[in-house]
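Let's walk through this model together, one question at a time. Keep the sequence and the 3D view at hand as you read.

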Amino acid sequence: MSESQVYTDYFFDEPVFDLHDGGYVPLEKADVPDKPLNIPAALKPDKVDGNDVYYTITAQEGETQILPGAKTKTWGYNASLLGTTIVLKQGVHYHVHLVNKLPEVTTFHWHGLNVTGPIVDGGPHAPVYPGGSRDIDFTLDQPAQTDWIHPHPCPNTARQVWNGLAAAVVVTDDDEAKLPFPRNYGVDDIPVILQDRSYHDNQLDYKADYDMDGTLGKYALVNGTINGVFNVTTQRVRLRILNGSNRREWRLHFDDNHEFTQIASDGGTLPEPVKLTKLMLTCAERAEVILDFGDKKPGDVVTLMTDDMPIMKFKIGDYKREDVELPEHLTTIDAPKVTPGLPVTRTVMSGMDDKVRLDGKLFDMQRIDRKQKIGDTVLWDVVNTNDMNGGMIHPFHMHGCQFLVLSRNGKAPYPNEHGWKDTVGVNAGETVRIAVQFTKFGVYMYHCHILEHEDTGMMAQIEAYDPNEKHEYHLISMDEMQHPSK
């Protein structure tokens, strides 16, 4: 890779960073000894039969040692907290047995996966009741990327994520496998799930910490670890970073101003690598970056920061010298051509606190708000009407597709936004134009991904339809989702 520009700012509009919010909870340094960073194990298949792979994913209660003293009661997927990492490969047919061992209804939403909706997608129309299960299957037909799985049972999504339900999903493919990226999971290729929590006598108390504009915690956790340390044994390390927080924005940099290279966003590999010293992620956004520690020696420590708070350390050990130049071109994105003759779809995120709305409405599980034909590529203008003075960034997420960011207020997208996305932070007073195409039938959600906002009703539904094939949907009510009919 030739000497290219290194970007040294966070791109987003500083006056509406979350730290200016009246309800902002600043991170605090926890009085907790450093400990090894938790690296979630990869989920093992129940069975592999040719091109068919079988998994069981269980939402369960557990206890996790987070702070000294009593263990914290937590929830997780096949684990006490967060979950085992689910590895999927393009072209494989997956059969997934979803089990709910929690004391309440939940759903299993595949954030970022291009699967049919609303059932396989796992939104609120796909409840799994306590002691119950659901079976889904799908053939994966999307490129390598980092996605995640989390609950989506309105209006309790935020609380269930707060309790611990969030797991990384790693999608692989043969093309990405040819690129010179680190990919030895747990050694030089690791998930970095960013969250924040407060504890009360070592326990979570969502009600005590609740904020309608997005609940914030006072301690930073990476993969469920406070003050985690990753022991570096290779010159290069790939981080699959996920903002898994309810509300917090993460403004990442290193204490030594170390450069890093972003190679992928939500929907996979970027066309070209982007060199950065700072990276900001709004809720649910992902970024894959490569760190090269070739300028470090054994015993050195590099600290990952958000704003002025250290959140994890990289302790450099012995490594084999391996100077790798990334190619200037990583992948070609075949941008779909906009379908002629269709109007621009305009969707408006407005308000704060209990005034949040999407297109002036509150979510209704039994209302289809829009329809879009499968295969059409439609321009969407995503508008945030908050005022720059006292407003906030709303992260906009669409289920069932990946989109391309075309412009911000008519200007170019940020340098690291030229790949596929499913979540985009929209600044106050800004219009972000995206190109949207659905390839699977279904009813899908689109919403603000501040979890308390979607639970409050800042969400809507779109039906992706095929005019040549009819699909019937039973759109359950919120009451039916919470209380199954007898």
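Q: Is Trp380 buried or exposed, and what is its relative accessible area?
A: Trp380 is buried, where buried means under 20% relative accessible area, exposed over 50% and partly exposed in between (1.4 Å probe, protein chains only). This is a predicted model, in which local features need pLDDT of at least 70, side-chain atom pairs count only at pLDDT 80 or more, and totals for chains, interfaces and linings use all residues. Residues are numbered from 1 along each chain as its sequence is written, and side-chain values use heavy atoms, with hydrogens and water left out. The relative accessible area of Trp380 is 1%.

Q: How many aromatic pairs does a search of the whole structure find?
A: Rings of Phe, Tyr and Trp (its six-membered ring) pair if their centres lie within 6.5 Å; planes under 30 degrees apart count as stacked, over 60 as edge-to-face and the rest as tilted. Searching the whole structure this way, the number of aromatic pairs found is 17.

Q: What angle separates the ring planes of Tyr77 and Phe108?
A: These two residues form an aromatic pair of the tilted kind. Their centres are 5.7 Å apart, and the angle between the planes is 40°.

Q: How many residues apart in sequence are the parts that Tyr77 and Phe108 tie together?
A: Tyr77 belongs to strand 5 (residues 72-77), a strand being a DSSP run of E with at least two residues, numbered from the N terminus. Phe108 sits in the loop between strand 8 (93-100) and strand 9 (109-111). Tyr77 is buried at 1% relative accessibility, and Phe108 is buried at 2%. The pair therefore ties together parts whose separation in sequence is 31 residues.

Q: Which kind of pair do Trp380 and Tyr446 form?
A: Their ring centres are 5.3 Å apart. The planes stand at 90°, so the pair is edge-to-face.

Q: Which strands hold Trp380 and Tyr446?
A: The two residues are 66 residues apart in sequence, so their ring pair ties together separate parts of the chain. Tyr446 is buried too, with a relative accessible area of 0%. Trp380 lies in strand 27 (residues 377-384), and Tyr446 in strand 33 (residues 442-448).

Q: In what order do the strands of the 5-strand open sheet stand?
A: Strands count as paired if DSSP finds at least two bridges between them. The pairing in this sheet is mixed. The order is 26-34-33-28-31.

Q: Which strands are at the edges of this sheet?
A: The edge strands each pair on one side only. They are strand 26 (370-373) and strand 31 (423-426).

Q: Which residue in strand 31 stands opposite Phe396?
A: Strand 28 (residues 394-398) and strand 31 pair in the antiparallel sense, with 4 bridges. Opposite Phe396, in strand 31, stands Val424.

Q: Why is one side of strand 1 and of strand 14 left without a neighbour in the sheet?
A: These strands belong to an open sheet of 7 strands with mixed pairing, in the order 1-19-18-21-16-13-14. Strand 1 (6-7) and strand 14 (219-222) lack a neighbour on one side because each stands at an edge, with a single partner strand.

Q: Which residue in strand 21 is the bridge partner of Arg236?
A: In strand 21 (residues 286-292), 6 of the 7 residues are buried. Strand 16 (residues 236-243) pairs with strand 21 in the antiparallel sense over 7 bridges. The bridge partner of Arg236 is Asp292.

Q: Which residue in strand 21 is the bridge partner of Thr261?
A: Strand 18 (residues 260-265) is joined to strand 21 by 3 bridges, and the two run antiparallel. The bridge partner of Thr261 is Ile290.

Q: Which residue in strand 30 is the bridge partner of Leu404?
A: Strand 29 (residues 403-408) is mostly covered, with 5 of its 6 residues buried. Its 2 bridges to strand 30 (residues 420-421) join strands that run antiparallel. The partner of Leu404 is Trp420.
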